[in-house]
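This report reads one protein model from its overall make-up down to a few individual residues. Please keep the sequence and the structure at hand while reading.

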Amino acid sequence: VVTIDDEQYDMNEQSDVSKEHYVEVINLRNEIGELQNQIVQMQRRAVNLQVALGFRENALKESIQIVEEVEEVVN
């Protein structure tokens, strides 16, 4: 059974052409689902990379300040 526009169709009662379209519909729906999962994973990865980048930028900023402080003490 397939549902299209809120109507259900029994594919066992359909023509071979309809069955071929049904197979392609299922394949396309699966591919869309896979792409949506990949998008979610990539968004999660982007967030994690932003967090890591923020950490590294802060660490860089702090290390530069420490060097400047050391140079001021020497002068």
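The text below takes up the whole chain, then the loops, and then one residue of the helix.

**Overall make-up and confidence**

The model is a predicted one, and its mean pLDDT is 90, with 85% of the residues reaching 70 or more. Among the elements, the mean confidence is lowest in strand β1, which covers residues 2-4, where it stands at 86, and it is highest in strand β2, residues 7-9, where it stands at 92. The protein has 1 helix and 2 strands, and read from the N terminus these elements follow one another in the order β-β-α. The helix, α1, spans residues 16-74.

Of the 75 residues of the protein, 3% count as buried. The protein exposes about 7,100 Å², and carbon and sulfur atoms supply 53% of that area.

**The loop between the two strands**

Which backbone feature does Asp-5 show although it is not a glycine? Asp-5, whose place is in the loop between β1 and β2, has a positive phi of about 50°. Asp-6 lies in the loop between β1 and β2 as well, and Asp-6, although not a glycine, has a positive phi of about 65°. With a relative accessible area of 71%, Asp-5 is exposed, because the cut-off for that class is over 50%. Asp-6 has a relative accessible area of 78% and is therefore also classed as exposed.

**The loop before the helix, and a residue within it**

Asn-12 has its place in the loop between β2 and α1, and this residue is exposed, with a relative accessible area of 68%. Its C-alpha atom is separated by 8.0 Å from that of Val-1, a residue 11 positions away along the chain.

Is Ile-26 buried or exposed? Ile-26, which lies in helix α1, has a relative accessible area of 28%, so it falls between the cut-offs of under 20% for buried and over 50% for exposed, and it is classed as partly exposed. The C-alpha atoms of Ile-26 and Val-2 are separated by 9.2 Å, although the two residues are 24 residues apart along the chain.

The table gathers the accessibility values of the residues discussed above.

| Residue | Relative accessible area | Class |
|---|---|---|
| Asp-5 | 71% | exposed |
| Asp-6 | 78% | exposed |
| Asn-12 | 68% | exposed |
| Ile-26 | 28% | partly exposed |

Notes. Residues numbered from 1 in each chain as written. Predicted model: local features only at pLDDT ≥ 70, side-chain atom pairs only at ≥ 80, totals over all residues. Heavy atoms only, no water. Helix = DSSP H or I, 4+ residues; strand = E, 2+ residues; numbered from the N terminus. Buried < 20%, exposed > 50% of the residue type's maximum accessible area, 1.4 Å probe, protein only. Areas by Shrake-Rupley, 256 points an atom, 1.4 Å probe, with all protein chains shown as cover. pLDDT = per-residue confidence, 0-100.
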